[in-house]
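Visitor: I should like to be taken through this protein model, with the reasoning behind each answer.
Guide: Certainly; let us place the sequence and structure before us and begin.

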Amino acid sequence: MPIASISILRHRTIIPTTAATTLPTVAKLIRQISTLRCFSVAAAKQQHNPNVSRKSQPPSKKLLRAKQTVKDYSSLAPVLSPEDKPPLSESKSVGTVAAAQANFMRVIVEPPRSFDESKVELLCVVKAVLKKIKRRVLVGDKVLVGSIDWVDRRGMIENVYQRSSEILDPPVANVDHLLVLFSMDQPKLEPFALTRFLIEAESTGIPLTLALNKSELVDEEAMVAWKSRLHKWGYKPIFCSVESKYGLDSLAFILRDQTSVIVGPSGVGKSSLINALRNNHNASDAAEGENLFDPILGSKWFEDQLVGQVSTRSGRGKHTTRNVSLLPLSAGGYLADTPGFNQPSLMKVTKQSLAQAFPEIRQKLSDSEPAKCSFNDCLHLGEPGCIVKADWERYPYYFQLLDEIRIREEFQLRTFGTKKEGDVRYKMGDKGVQQAEPRLELKKHRRVSRKSMNQSLLDELDELDDDDNLLDEENDPFLKAMRDENK
């Protein structure tokens, strides 16, 4: 049987002798030139940066500094310090929030040089990112306003400067002084309600003044009795009357050249007192300096505040003021008119800080120095070695408020726990740079599923009495369709 043979022929090109000797020489020359070029480039790099080696080097300090800078400025609306001066364009300005109503803020800003007015009032909204990270804008805040329409006088609050002080009830920022206002009658002065307001004011750490309005409704004996009683509490009250103008000059002297907030229950005459102080041009120490709102006093927003009458049925005041406004005083300074409320929340007061809000306890502790209570966390409830005794008038109020705060703290501990997440979370972006984004509440933006909705309807229908025969479950097409969908 013949065997098939396969021959593999290797073709070789025949090169002349001269060409065969020339090609290796050319290739060798090209290789040498490329090698010399690589050496020259490496030498140039070595001369430019002698620390460069073949091993991997750590990133330079400039690169790390650049990453850190990007990290700092990539956070959502970083808080501005009072000394910061951001670059401002024609559509940006810095101003003060003068009033808040619903979702709108009235901000007083400085307009461009082309305007004839020195101050302009803008109706502004708050940027959405500030709401997402729960950075609240309060009356009295120094803010950065952008996207300004100088024709329609509208804008958007883009950022908030750091606050020097802040109070929650009512919500006002950058406060220098608190004026706690109550009335001697209509509504009648209640010691426990006055104590709650004083504790709320003491917890802020802001200097306060106690004023008692409507002094014309009581006799001199009642005023002397309350003055002596409040002296034992640790306060020096100022008696005043809007009707007779009694004590208004003393209040104007105390409130001059500072931002004050007037707090108190409804019906005590807060708005009436503000109107009287703003129209009191006979003040002995009227400020001659420039007032922030002088150029725009013709604005309707800064006219006299609305005043309501006390209810004849309940004896309490009606809620006439419904928003917080920062108003100028004739003697200089600003006074914030706030809605009245009868129960301060005391949310910033804890079990340990409540005792420091009572001047009586502070006085007893200072008089007994250098002696101290036996326990550092003493609540002054009769513990062994406690210096504070129960021989003062407001001790029952202290005991009642302490019990209320203790119940609230235990409820918060059971409900929320001790861990509290921030309103901003960070995720890793490109080149290892952290990027900030708002932390949304869990399941807040999720829609209820149709199955859960139908099941809830069925559960409500099942609660009906079966004997009433209100629904024919077997022949009702609506119930049959929901049950089939849930299956």
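**A guided reading of the model**

Visitor: In the pairing of β14 and β15, which residue of β15 is the bridge partner of Tyr-426?
Guide: The model is a predicted one. Strand β14 covers residues 424-428 and strand β15 covers residues 434-438, and the two pair in the antiparallel sense over five bridges. Within β15, the bridge partner of Tyr-426 is Ala-436.

Visitor: Which residue in the hairpin of β14 and β15 takes a positive phi?
Guide: The hairpin has five residues between the strands. The residue there with a positive phi, near 60°, is Lys-431.

Visitor: How many helices and how many strands does the chain have?
Guide: The chain has 487 residues, of which 36% count as buried. Its secondary structure comes to 11 helices and 15 strands.

Visitor: What share of the contacts between residues at least 6 apart in sequence joins residues at least 24 apart?
Guide: A contact here means heavy atoms within 4.5 Å. Among contacts between residues at least 6 apart in sequence, the share joining residues at least 24 apart is 69%.

Visitor: How much of the area that the chain exposes is supplied by carbon and sulfur atoms?
Guide: The chain exposes about 32000 Å². Of this area, the part supplied by carbon and sulfur atoms is 52%.

Visitor: Which residue in β2 stands opposite Ala-100?
Guide: Strand β1 (residues 93-101) and strand β2 (residues 104-109) pair in the antiparallel sense, with six bridges. They form a hairpin with two residues between them, and Ala-102 in the turn has a positive phi of about 60°. Opposite Ala-100, in β2, stands Met-105.

Visitor: Which residue of β3 is the bridge partner of Ile-108?
Guide: Strand β2 also pairs with strand β3 (residues 120-126), in the antiparallel sense and over five bridges. In β3, the bridge partner of Ile-108 is Glu-121.

Visitor: Which helix gives the most to the lining of the largest cavity?
Guide: The structure holds three cavities of 30 Å³ or more, and about 80 Å³ of space lies in the largest of them. Its lining is made of 10 residues, with Asp-169, Leu-178, Glu-200, Ala-201 and Val-263 nearest the centre. Three residues of the lining come from one helix, residues 191-203, which gives the most: α4.

Visitor: How many residues of that lining are nonpolar, polar and charged?
Guide: Among the lining residues nearest the centre are Asp-169 and Val-263. Asp counts as charged and Val as nonpolar. Over the lining as a whole, the division is seven nonpolar, one polar and two charged.

Visitor: Is Arg-196 buried or exposed?
Guide: Arg-196 is placed in helix α4. Leaving aside residues up to four places away in sequence, Arg-196 touches Gln-343, Pro-344, Leu-346, Leu-401 and Glu-404. A residue is buried if its relative accessible area is under 20%. The relative accessible area of Arg-196 is 4%, so Arg-196 is buried.

Visitor: How far apart in space are Leu-198 and Gly-264, C-alpha to C-alpha?
Guide: Leu-198 is in helix α4 and counts as buried because its relative accessibility is 0%. Beyond residues up to four places away in sequence, Leu-198 touches several others, including Val-180, Trp-233 and Arg-394. Leu-198 and Gly-264 are 66 residues apart in sequence, and their C-alpha separation in space is 9.7 Å.

Visitor: What is the omega of the cis peptide bond that joins Gln-186 and Pro-187?
Guide: Pro-187 lies in the loop between β8 (177-183) and α4. For the cis bond joining Gln-186 and Pro-187, omega is about 0°.

Visitor: Which residue precedes Pro-370 in a cis peptide bond?
Guide: Pro-370 is in the loop between α8 (359-367) and α9 (395-416). The cis bond to Pro-370 has omega near 5° and comes from Glu-369.

Visitor: Is Lys-214 buried or exposed?
Guide: Lys-214 lies in the loop between β9 (208-213) and α5 (220-233). Lys-214 has a positive phi of about 60° although it is not a glycine. With a relative accessible area of 15%, Lys-214 is buried.

Key. Residues numbered from 1 in each chain as written. Predicted model: local features only at pLDDT ≥ 70, side-chain atom pairs only at ≥ 80, totals over all residues. Heavy atoms only, no water. 1 Å grid on protein atoms, 1.4 Å probe; cavity = no way out; pocket = protein on both sides within 12 Å on 5 of 7 lines; lining within 4 Å. Points joined across faces, edges and corners; volume = space filled by probe spheres on them. Helix = DSSP H or I, 4+ residues; strand = E, 2+ residues; numbered from the N terminus. Pairing = 2+ DSSP bridges. Buried < 20%, exposed > 50% of the residue type's maximum accessible area, 1.4 Å probe, protein only. Areas by Shrake-Rupley, 256 points an atom, 1.4 Å probe, with all protein chains shown as cover.
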